Amino acid sequence: MSIWGKIIGGTAGLALGGPIGALLGAVAGHAVDRFASNDAPKDEKDEQAATRKIAFTIGVVVLSAKMAKADGVVTRDEIAAFREVFHIPPDEIRNVGRVWDMARRDVEGFEIYAQQIAKLFNPGSPVLEELLLSLFHIAKADGVVHQNELAYLERVAAIFGFDEIAFQRIRAVAGDTDAEDPYGVLGIAHDVDDAEVKRVYRTLIREHHPDRLIAEGLPEEFVDAATEKMAAINAAYDRIAKQRGMN
């Protein structure tokens, strides 16, 4: 069963609590509060992993909906961008739409959802970075990242534990700033030595490998975005290596 079916149907058997649990309860009723014998986590580690994936998924639905509302209007392009990033099985579109509609009514309250998600991951986690990149994708869907949307993204990034330098790197990867600058994509200065370029590149590749992200709580349904991020990192490094004549 897909992560969407587990969330909406309650078959993961997790009572998440907090604003995410309350929203799930409003959408799915008592189903989210009971354990299903077939899908219940087998031990504490499995339960933690399942909790992260479900909280991540429902959280990005909510934050995406509120992101689309941040500039005052939700456009068809933004809804289409949401569906590009988050692959929803046809039989779950209606249920996910119910969560989206409840969340997009206004932009108020996004911080409490971001805070609950942040508590499940380490500050600045690559999984949280994938979430931010997805939000940027939606923000750009209508052709421009509005000032209110950028402020929204900056606030979410801060809650997730990203400082200003990290946020600017994420913007570069998302193409909201000068994505033609490979140094911006890697988050390094132009005057760093070759050894530092290699160190940063290897760290990013290790941290953002899709398999590692899935192990840390990224649902498999979101792996396409992680793969694109890896491609951007590799392309940036290749350009720098070529410019510098690095081996």
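Modeller: Let's start with a term: a helix here is a DSSP run of H or I with at least four residues, numbered from the N terminus. The structure itself is a predicted model.

Biologist: Good to know! Why is α7 called a helix?

Modeller: α7 spans 126-139, and a helix needs a run of at least four residues, so α7 meets the rule.

Biologist: And which helix supplies the largest share of the lining of the second largest cavity?

Modeller: That is α7, with three residues. α3 (44-69) also supplies at least two.

Biologist: What makes the second largest cavity a cavity?

Modeller: A 1.4 Å probe fits there but cannot get out, so the space is called a cavity. Its volume is about 40 Å³, and the count of cavities of 30 Å³ or more comes to two.

Biologist: How do you know that F56 belongs to its lining?

Modeller: Lining residues have an atom within 4 Å of a grid point, and F56 is on that list, so F56 has such an atom. Among the others are V60, F86 and E130.

Biologist: What classes do those lining residues fall into?

Modeller: Seven are nonpolar, one is polar and one is charged. E130 is a Glu, which counts as charged, so E130 is the charged one.

Biologist: Now, what lines the largest pocket?

Modeller: There are 15 lining residues, and L133, S134, H137, A225 and E228 lie nearest the centre. The pocket holds about 340 Å³ of space. Its largest lining share, five residues, comes from α13. By class, the lining has seven nonpolar, three polar and five charged residues.

Key:
Residues are numbered from 1 along each chain as its sequence is written. This is a predicted model: local features need pLDDT of at least 70, side-chain atom pairs count only at pLDDT 80 or more; totals for chains, interfaces and linings use all residues. Side-chain values use heavy atoms; hydrogens and water are left out. On a 1 Å grid over the protein atoms alone, a cavity is a set of points where a 1.4 Å probe fits but cannot get out, and a pocket is an open set with protein on both sides within 12 Å along at least five of seven lines; lining residues have an atom within 4 Å of a point. Grid points are joined across faces, edges and corners, and a volume is the space filled by probe spheres set on the points.
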